[in-house]
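Colleague: Could you walk me through this model, with a close look at its aromatic side chains? I would like one connected account rather than a list.

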Amino acid sequence: MEAARRRQHPGAAGGPGAQLGASFLQARYIPFFLILFMYFSGCFTASKAESLMPGPALFLVAPSGLYYWYLVTEGQIFILFIFTFFAMLALVLHQKRKRLFLDSNGLFLFSSFTLTLLLVALWVAWLWNDPVLRKKYPGVIYVPEPWAFYTLHVSSRH
């Protein structure tokens, strides 16, 4: 009888279609954010003149921030993202005391992460009182997935 139920629901009880746990999904992003932070740590210069972002790069901050927003919300990796962001902020403040400034690559990455944090905050504030999503994502840290919002509110209208 148990085998028949597993055939009906392939993801049930650790069957072949079982979904991976949230901690595993978050853990697989650790190398990505670690490499981003290592790259960011090399993006400092002693010259304030080299600390300017080119004009065309400003247009790319928005798509980059939007990409990271989707990665953070859909991947449910807000904790990992916020730790990386604060580590980057601490490094910027530490290097500022040494009179080192972010170069254009560092400014781009830091601006993208700042925009991402703003977008996540707006996303959470907008969906804060949604009772269905609140039930689906219980706990202190509430960051609903865009796909869950789409399936709940957008696709049901069609």
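Which pattern does the protein chain follow when read along the sequence? After that, please go straight to the rings.

Modeller: Happy to! This is a predicted model, in which local features need pLDDT of at least 70 and side-chain atom pairs count only at pLDDT 80 or more, while totals for chains, interfaces and linings use all residues. Residues are numbered from 1 along each chain as its sequence is written, and side-chain values use heavy atoms, with hydrogens and water left out.

The pattern is α-α-α-β-α-α-β-α-α-α, which amounts to eight helices and two strands; these are DSSP runs numbered from the N terminus, helices being H or I with at least four residues and strands E with at least two. Of the 158 residues, 34% count as buried, that is, under 20% relative accessible area with a 1.4 Å probe and protein chains only, whereas exposed means over 50% and partly exposed lies in between.

Now to the rings. A pair of aromatic rings is described by the distance of the centres and the angle of the planes. Here there are 17 aromatic pairs: rings of Phe, Tyr and Trp (its six-membered ring) whose centres lie within 6.5 Å, called stacked if the planes are under 30 degrees apart, edge-to-face if over 60 and tilted otherwise. One of them joins F85 and F110, which are stacked because their centres are 5.6 Å apart and their planes meet at 5°. F85 belongs to helix α5 (residues 78-97) and F110 to helix α6 (residues 104-126), so this pair ties together parts 25 residues apart in sequence. Both F85 and F110 are buried.

W128 and Y142 make an edge-to-face pair, 5.8 Å centre to centre with 85° between the planes. W128 sits in the loop between α6 and α7 (131-136) and Y142 in the loop between α7 and α8 (146-154), so the link spans 14 residues. Their surroundings differ in accessibility: W128 is partly exposed at 41%, but Y142 is buried at 2%.

R134 brings a charge to both of these rings. It lies over the face of W128, at 4.0 Å from the ring centre, and its charged end also sits over the ring of Y142, 4.2 Å from that centre. The criterion is NZ of Lys or CZ of Arg within 6 Å of the ring centre and within 35 degrees of the ring normal.

Finally, F85 and F110 belong to one aromatic cluster, whose members also include F32, F33, F40, F44, Y67, Y68, F81, F86 and F113.
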